[in-house]
Structure formats: structure tokens, C-alpha cells
Amino acid sequence: MASTHDASTSKTQIVSPARGFRGSLMLPGDKSISHRYAMLAGFAEGTSRIANFSTGADPHSSLACMEAMGAKVSTEGSVLSVTGTGGALAQPKGDLDCGNSGSTMRMLAGLVAAQEGNFRFVGDESLTVRPMERIRKPLELMGAQIELTEGHAPITVRGTELKAIHFEVPIASAQVKTAVLFAGLQAKGVTSIAEKIRTRDHSEHALRAFGATLTRHDDRLSIEGGQKLRAIDMTVPGDMSSAAFFLCGALLFEDSNLVLDSLGMNPTRASLLDVITGMGGKIKVLNVEEIHGEMVGTIQVQRSAQLRGMDISGALAAQLIDELPVIAAIAPYTENGVKIRDAKELRVKESDRIALVVKNLRAMGAEVVEYEDGMDIPGGQTLRGGIVDSGLDHRITMAFSIAALRAQGETEIHGAEAAAVSFPEFYTWLDELAIR
Ligand code: S3P
């Protein structure tokens, strides 16, 4: 059984090996979609009702920031009710605390850039060292007044009139694209955005759901400024990136059987399902429907073949960026290993995820070669329970808890409380799914 005890401020989670992995569940709302619904509901005119909002701390940082800027938030049972500001955000009384959430800071910087007032964004230790130039550049081209602290947070945005731009996003980043879209919604003229690698498109779907018109010509997305948003009722689909941990858990055992209900299956997030199939999983889609532009369905996952490794690079690496830690963590158990390249962005996530994955794999006795933009993890290895350092990064915590299911002996995950950033229920459900 997993158990938790406090060691000063950091929690250590003990994860013991399992014999199988079975069960059925509905995941909490997608983190990325919850951020966007919180922001746009807080910006729109009227009261939106949001069911299955993410239970993670990050989207709640976005909600709290919207409240600090005049949105009214309450809960009716499990449904969140957000009364928006009708497109006129209030000057917050203090700093806007984004906690651990890069999405909150980057996307809100775009939303406030054309609003009246001064907005100062701060974050925790991890967020304070993450790169913010990537949003300053396009927003300044639009005329925004934005000040960083040596390229990082704290960020101060002084609201001003914006003009439309034609922008090519230089790195694969949905957060940067969203900051420009949210600013473009309020700029003079038509803003257009092109991406070399197509990133998650939840902002496009959410903006349309709230009544905005966006057009796409070839690879260019356009939004006209001055459009008003209206409140809607919505349900957030289950989080594919949280599902990734359990999907990889299911791959580790021959007779596993996992059913995930109401799962978000947006094609820009679903490459993971192809990877799971490629690694030896069998996925049955039991139903699928579209809600506010988002695909939502029920899937059943079993293991049908030996656990195989794969090479992940290029656009696939960008699309799987949040899932790479868990794929890497189970890589030693594959027949032929996993090679990851073109994933340098992993170094500037909530932690340096390349360095931490390598360190923790080695702590569990694995051989791994580190590269600036990825790693090579040979297959056919046995892991032993060890001491894992989460770096207070939610995805590292959960990735190595999955690796621990097939290790020899118990694994101690230090800083396991980080899971709550996106998936507070993780350890409870892991205990239910893992057969011991
Ligand atoms: C996110 C985009 C990705 C991802 C993050 C959530 C989003 O970040 O890693 O967890 O919701 O738009 P980047 O935009 O930095 O690639």
C-alpha cells in the first residue's frame, strides 16, 4: 500500500510494486481547458457554469486571478459558477499570484494587455525562473507595455491600446499562441498567427464556444479585435495528460484493463494514444462526441503485446511534451528502449525535466544517456526501488510513482505533494488501480 508521511514541509510517498493494474474511472477536468474556461468565463458577459473543473492547484490560480480582477466565483454543488466582467477587468488590489502555473502567467499577460490598469504577476520559486521573453516579444509588437525581471517574473503589464499583428510563433507553445489570441481579441484590426508545429488548440475552441469568430486559412489563424464574449454552460473533459500516468501504468502489466470515461480526446492532445498503441497497448474507443469543439470519449486500454520502446522527436516530441516524463520513466521496462530528441523545452518546465528524469532513473538503477534536448534509455532493464526527488514537479512525482509499480522493492518519492498541482487524487486512485 502507498502511505504518506510528513518530513518537515515535504511529503514522502512510499510506492510499492504491483502485480496488475485494473479499474475504471473518470478523470478530473483537463488542466489546459480549465485555465481557458476560467479566464474566458471571467472575461465574458454573464454567468457561466463549469462542470468538472480541474481539481488541480494551477487552474485554481487562474480562477483566483480572475476573481482578483472582478469576476465573481461560487460553487453550486460540484459546478463552478463564474460571473464575468463583461470585457472590463478591474484593477487588482495587489499582485496576481500565479503560484506554480506558467499557463496562468503567460495567458493572462495577454488578456490584461489592453485593459485599463496595472497588473503585476508573481509566482512561486519554480515559476520565477521560467522564461517569459516569449510572451513579451509578441505583446510588445502589439503595443503592450510589459516589464519583466531579467526575462522572468515578476511581470508588470500596464494596460494600453493594442494593434493587430501578424505573428509567427517561433517555438511550439500554446501558451504563447493563447497570449497573442487573447490580446488580439481586444486589439484594433485582425491579428493572425501561424505555427510551425501545431500546438493544442483549446483556446481556439474555447473562444468560439464563448461566441468569438476565428478563421483559419491554411496554417494561419485570425481573430478580429473588439469581439464580445458571452457566458455559456460547459463541462470540462477529463485530462489526457493525467490519464497518461495510468495509461502507462496499464502498459506495465500483461493482464491490465483500464476504462477511462469522459476523457478529452482533442486530436492536438491525442498523439499519446498512438504512442500507447505503438508501445503495445490495445485501445478501444467505446464512444466519442464533440462538446464545444472538444472531442470527449470513453476508452478501454489493455496490453496486447510486449512492451515496446520507440523514438520520439520532431513535432511528436512537442505534442507529447507533458507526457514525456512518464514515457521516459517506464522506458527501461521496454524491450528495445526509448530515444527522445527535440525536447529541449523540457528543461524549462516546472523543473528541468530532462535532468530530473535522468537523475531519478539513475537513482532507481537504470542506465540512461542525457542529451541537451532529450535522452536515450536502453530497454530490458530492471529498476530497483530507490529515492526519487520530485523537484516539487507534479509530473516527475507521478511519472516515477508509475515506474515504481514494476520496480524491485519500495520507492520513496520525496516532494510527492507536488501531484496536487494538476492531479490531487492521483495517489488515491493509483492505490485503487494497482493490484498488490
Ligand atoms: C499548455 C501548454 C504547454 C504545456 C503546459 C500547458 C497549455 O506549455 O506544457 O502544461 O495549456 O497551453 P507551452 O505552451 O510552454 O508549450
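The following paragraphs describe a four-stranded sheet, the helix that packs on it, and the surroundings of the ligand in a predicted model.

The sheet is a suitable place to begin. Four strands form an open sheet with mixed pairing, and their order is S7-S8-S10-S9. Strand S7, residues 96–97, and strand S9, residues 145–149, occupy the edges; each has a single partner strand, so one side of each is left without a neighbour in the sheet. In general, the strands of a sheet pair through backbone hydrogen bonds, in either a parallel or an antiparallel sense.

For S7 and strand S8, which spans residues 118–122, the pairing is parallel and extends over two bridges. Within this pair, Leu96 is placed opposite Phe121 of S8. A helix also belongs to this picture: H5, formed by residues 133–141, packs on the sheet and touches both S9 and strand S10, residues 152–158. The direction of H5 makes an angle of about 160° with that of S9.

Attention may now turn to the ligand. It is surrounded by 13 residues, of which the closest are Ser32, Arg36, Ser173, Asp322 and Lys349. Three of these residues can be described further through their side chains. In Arg36, a side-chain N or O atom lies 2.6 Å from an oxygen atom of the ligand. For Lys349, the distance from a side-chain N or O atom to a ligand oxygen atom is 2.6 Å. Asp322 has a polar side-chain atom 2.7 Å from an oxygen atom of the ligand. How much of the ligand's accessible area does the protein cover? On its own, the ligand has 390 Å² of accessible area, and the protein covers 95% of it.

Technical notes
Residues are numbered from 1 along each chain as its sequence is written. This is a predicted model: local features need pLDDT of at least 70, side-chain atom pairs count only at pLDDT 80 or more; totals for chains, interfaces and linings use all residues. Side-chain values use heavy atoms; hydrogens and water are left out. Two strands pair if DSSP finds at least two bridges between them. Contact means heavy atoms within 4.5 Å. Axes are lines fitted to C-alpha atoms, for helices over the stretch in contact, and angles run from 0 to 180 degrees between N-to-C directions. A residue is near a molecule or strand if one of its heavy atoms lies within 4 Å of it. A polar contact is a pair of N or O atoms within 3.5 Å; within protein, one must be able to donate a hydrogen and the other to accept it, and residues adjacent in sequence count only if both atoms are side-chain atoms. Accessible areas come from the Shrake-Rupley method with a 1.4 Å probe; for residues, only the protein chains shown count as cover.
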